[in-house]
Amino acid sequence: MKTMRSHKGCQRGTQLVEMAIALPILLIISVIIYEGGRMILLHEVLNNAAREGARLSILEQNKYPVDCSAGCACPPECVEQQLKNAVMAYAARNGISDLTSAQITVRQDCQVPLTAPTTYLGCSTTCSTGGCMTASQISIQYQYTYKYLPSLHAGVPATVAIGTQAEFRNMY
């Protein structure tokens with residue numbers, strides 16, 4: 001008669017090997033999820049900052065600067081810098097402290113059609129349709145630097161560009 005032998009001794013350490021294989025994969029997936037979530041969060045903050053700048057830009061009092069004692073040429077440069085400062089302040093309050101004035105574009109002379117076109121081509125200085133109104137546009141081009149992703153693989157770029165814009169009809 002044959003006796004059954006236990007195979008427990010052969011499986012000794014398999015859990016450790018399985019963990020050694022699965023743990024790095026789980027860590028990489030966790031880092032990718034973290035970086036993706038962080039990038040989406042920063043895009044939303046930048047989008048809201050652009051909206052805040054556009055909202056301020058459309059107001060009558062921001063058409064011309066209230067105070068030009070800062071030494072800038074009036075009127076457009078002062079207004080533009082005040083709006084950029086407001087966008088940077090919003091971004092800084094929400095965790096983006098490295099946004100610079102050079103990454104923000106302010107336009108208060110956009111011509112947009114009164115009727116909704118089938119294809120909107122964005123901010124332009126001329127109006128080809130029947131009636132137009134002016135609008136303000138704030139654009140932001142930001143370089144997002146990954147926190148952990150490039151250190152995992154040499155082929156991953158260290159930064160990625162995030163761009164956003166907001167356009168509102170002027171109230172003046």
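Tutor: Buried means under 20% relative accessible area, exposed over 50%, and partly exposed in between (1.4 Å probe, protein chains only). This model is predicted: local features need pLDDT of at least 70, side-chain atom pairs 80 or more, and totals for chains, interfaces and linings use all residues. Residues are numbered from 1 along each chain as its sequence is written, and side-chain values use heavy atoms, without hydrogens and water.

Student: Is Lys 84 buried or exposed?

Tutor: Its relative accessible area is 10%. The limit is under 20%. Therefore Lys 84 is buried.

Student: Which side chain meets Lys 84 in a salt bridge (Lys or Arg side-chain nitrogen within 4 Å of an Asp or Glu carboxyl oxygen)?

Tutor: The partner lies 4 residues away in helix α2, so about one helical turn separates the two. The N to O distance is 3.2 Å. The partner is Glu 80.

Student: How many salt bridges does the structure hold?

Tutor: Glu 80 and Lys 84 make one of them. Another joins Glu 52 to Arg 55 at 2.9 Å, N to O, and both of these residues lie in helix α1. Asp 109 and Arg 107 also meet, at 3.3 Å. The total is 3.

Student: Which element gives the most residues to the largest nonpolar core (buried Ala, Val, Leu, Ile, Met, Phe, Trp, Tyr and Cys joined through side-chain atoms within 4.5 Å)?

Tutor: That core has 26 residues, and Ile 96, Leu 99, Ile 104 and Ile 140 have the most contacts inside it. The elements giving two or more residues include α2, β1, β2 and β3. The top contribution is 8 residues, from α1.
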